[in-house]
Amino acid sequence: MHIGFIGLGNMARAIITGMRENDSFRNASIIGNDHNMDKCLELGERWGVTILEDDVSVAMQADMLMLAVKPQALSVLFERIVPVRKPGQCILSLAAGKSLVWLAKSLGTESPIIRAMPNLAARVGSSVTALCANDQVIEAQKNLATEIFGAVGQAVWMTEDRMKAFSTITGAAPAFTFLYLDALASAGLKAGLPKNMALEAACNMMIGAAKLVLKTDEHPASLIDQITSPGGTTIDGMHTLKALGFEHAIHEAIAAVIRKDSSLSVEIE
């Protein structure tokens, strides 16, 4: 069983790192190629990835082939690899905006295809990865994909119609979260705290708040009620956020990402 990677950028490196640090993949055969030789050498030396001479060679040998290239690069890539792909190969695409139907039009309607949308937290083993598959994918291939993304966090299977909304929250919203964290740290600096102290406090606060929601199963609104008190300080901050359109801004940001994702979904003629 060969697990192949075409593209060895940040996400591919995070996934490979998680796999190699997991007992299930410690000795697995991982092959790959990237136009950047420095990336190839790093993964070859550090994690024992067998670097092949080109993407065609990877496509010829991989049993599961992960496409970790930009969506705009897929059409040209397919021209090279489709004629030589290993029979029965399962394609695992990380490309945003490229549907199972779009992929099948290039790869063939009988091709087993899985779409995966991990997020940046894969770097620290805490990704939440959305997964969906076409009808050609067998249970063993689904199980392998679950194991791969389980090595870098949590894998969640769903129907494709939920992918855009789910992957927007898990994939793009971390950037919004980083913006929020930086704003909290800057506010702490303005209030007299060293910025690093304020940032660390904000990060740990956010981790704790998220754990509280997950472990107690209480609705966020209920937890807000437990923090705010009549005439207290927190309620003043909450009213200020609402007056400045905090919730509306989040809704609009998520909608903007979904619109952009949809614009990438131009079907093949």
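**Figure 1. Charged side chains across the predicted model.** In this predicted model, the protein carries 23 positive and 28 negative side chains. The centres of the two sets lie 3 Å apart. Six salt bridges are found in the structure; three of them are shown in the views that follow.

**Figure 2. The salt bridge between Asp 23 and Arg 26.** Asp 23 pairs with Arg 26, and their closest N and O atoms are 2.5 Å apart. Asp 23 is exposed, at a relative accessible area of 64%. Arg 26 has a relative accessible area of 39% and is partly exposed.

**Figure 3. The salt bridge between Lys 86 and Asp 63.** The side chains of these residues, Lys 86 and Asp 63, meet with an N to O distance of 2.9 Å. The pair links distant parts of the chain, 23 residues apart. Lys 86 sits in the loop between α4 (74-81) and β5 (90-93), while Asp 63 sits in the loop between α3 (55-61) and β4 (64-67). Lys 86 is partly exposed, with 27% relative accessibility. Asp 63 is also partly exposed, its relative accessible area being 23%.

**Figure 4. The salt bridge between Arg 115 and Glu 160.** Between Arg 115 and Glu 160 the closest N and O atoms are 2.9 Å apart. Arg 115 belongs to strand β6 (residues 113-117) and Glu 160 to the loop between β8 (153-157) and α7 (163-190), so this salt bridge ties together parts that are 45 residues apart in sequence. Arg 115 counts as buried because its relative accessibility is 7%, under the 20% limit. Glu 160, with a relative accessible area of 26%, is partly exposed.

**Figure 5. Arg 46 in helix α2.** Helix α2 covers residues 37-47 and includes Arg 46. Arg 46 is exposed, with a relative accessible area of 57%. Val 76 is 30 residues from Arg 46 along the chain, and the C-alpha atoms of the two residues are separated by 30 Å.

**Figure 6. The whole protein, as context for the close-up views.** The protein contains eleven helices and eight strands. Its C-alpha trace spans about 70 × 40 × 30 Å along the principal axes. Of the 269 residues, 37% are buried. Among contacts between residues at least 6 apart in sequence, 64% join residues at least 24 apart. The accessible surface comes to about 15,100 Å², and carbon and sulfur atoms account for 58% of this surface.

Definitions and conventions
Residues numbered from 1 in each chain as written. Predicted model: local features only at pLDDT ≥ 70, side-chain atom pairs only at ≥ 80, totals over all residues. Heavy atoms only, no water. Salt bridge = Lys/Arg side-chain N within 4 Å of Asp/Glu carboxyl O. Buried < 20%, exposed > 50% of the residue type's maximum accessible area, 1.4 Å probe, protein only. Helix = DSSP H or I, 4+ residues; strand = E, 2+ residues; numbered from the N terminus. Contact = heavy atoms within 4.5 Å. Areas by Shrake-Rupley, 256 points an atom, 1.4 Å probe, with all protein chains shown as cover. Lys, Arg positive; Asp, Glu negative; His and termini not counted. Charge placed at Lys NZ, Arg CZ, Asp CG, Glu CD.
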